[in-house]
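Work through the following exercises with the sequence and the model open beside you. Try each task before reading its solution.

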Amino acid sequence: MHHQPTPDDRVLARRRAVGDRIRAARLHVGLTQEAVSLRAGIGLDSYNRIEKGHASPRLDSLIRIADAIGVPLADLVRE
């Protein structure tokens with residue numbers, strides 16, 4: 001089984017920042033994590049890990065999350 005190397009601190013910090021933006025956008029429109037995960041077709045545990053910055057989401061998942069929340073994808077990944 002192939003293991004990815006552990007990301008460095010810079011990457012982890014940016015991943016957490018994306019999760020923070022997802023959380024802020026979700027709360028702004030009054031959705032629960034469960035509602036977004038259902039709308040996006042992502043398991044609740046996986047969604048929770050993405051929002052906390054503990055998991056690195058695939059681009060397809062980020063697109064589905066943005067659509068589920070109703071925000072442009074760029075809002076979630078901007079710096």
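**Exercise 1: one residue and its surroundings**

V77 is found in helix α5, which covers residues 73-77, in what is a predicted model.

Task: Decide whether V77 is buried, partly exposed or exposed, and find which residues V77 is in contact with, leaving aside its neighbours within four places in sequence.

Solution. Begin with the relative accessible area of V77, which is 37%. A residue counts as buried under 20% and as exposed over 50%, so V77, with its 37%, is partly exposed. Next, set aside the neighbours within four places in sequence, and the contacts of V77 that remain are with V18, R21 and L62. Finally, compare position in the chain with position in space: V77 and R16 are 61 residues apart along the chain, while their C-alpha atoms are separated by 11 Å.

**Exercise 2: the largest pocket**

Task: Describe the lining of the largest pocket by listing its residues, by sorting them into nonpolar, polar and charged, and by naming the helix that gives the most to it.

Solution. The space in the largest pocket comes to about 250 Å³. Its lining consists of R10, V11, R14, R15, A17, V18, R21, S56, P57, L62, V77 and E79, so that V77 from the previous exercise appears here again. Sorting these residues gives six nonpolar, one polar and five charged. Helix α1, which runs over residues 9-28, gives the most to the lining, with seven residues.

**Exercise 3: the two sides of a helix**

Task: Explain why the buried residues of helix α2 lie on the same side of that helix, and state what covers them.

Solution. First, pick out the buried residues of α2 (residues 33-40), which are Q33, V36, S37 and A40. These residues cover an arc of only 100° around the axis, and therefore they lie on the same side of α2. The general background is that an α-helix has 3.6 residues a turn, so residues three or four places apart point the same way. Then turn to the other side of α2, where L38 and R39 are exposed. The buried residues of α2 are covered by elements that include α1, α3 (44-51) and α4 (59-69). After α2 comes G41, whose phi is positive, near 70°.

**Exercise 4: the whole chain**

Task: State how many helices and strands the protein has, and compare its radius of gyration with that of a compact globule.

Solution. The secondary structure amounts to five helices and zero strands. For 79 residues, a compact globule would have a radius of gyration near 12 Å, and the protein agrees with this because its own value is 12 Å. Buried residues make up 34% of the 79 residues.

Key. Residues numbered from 1 in each chain as written. Predicted model: local features only at pLDDT ≥ 70, side-chain atom pairs only at ≥ 80, totals over all residues. Heavy atoms only, no water. 1 Å grid on protein atoms, 1.4 Å probe; cavity = no way out; pocket = protein on both sides within 12 Å on 5 of 7 lines; lining within 4 Å. Points joined across faces, edges and corners; volume = space filled by probe spheres on them. Helix = DSSP H or I, 4+ residues; strand = E, 2+ residues; numbered from the N terminus. Nonpolar A, V, L, I, M, F, W, Y, C, P; charged D, E, K, R; others polar. Buried < 20%, exposed > 50% of the residue type's maximum accessible area, 1.4 Å probe, protein only. Arc of directions from axis to C-beta. Contact = heavy atoms within 4.5 Å. Rg over C-alpha atoms; globule rule 2.2 N^0.38 Å.
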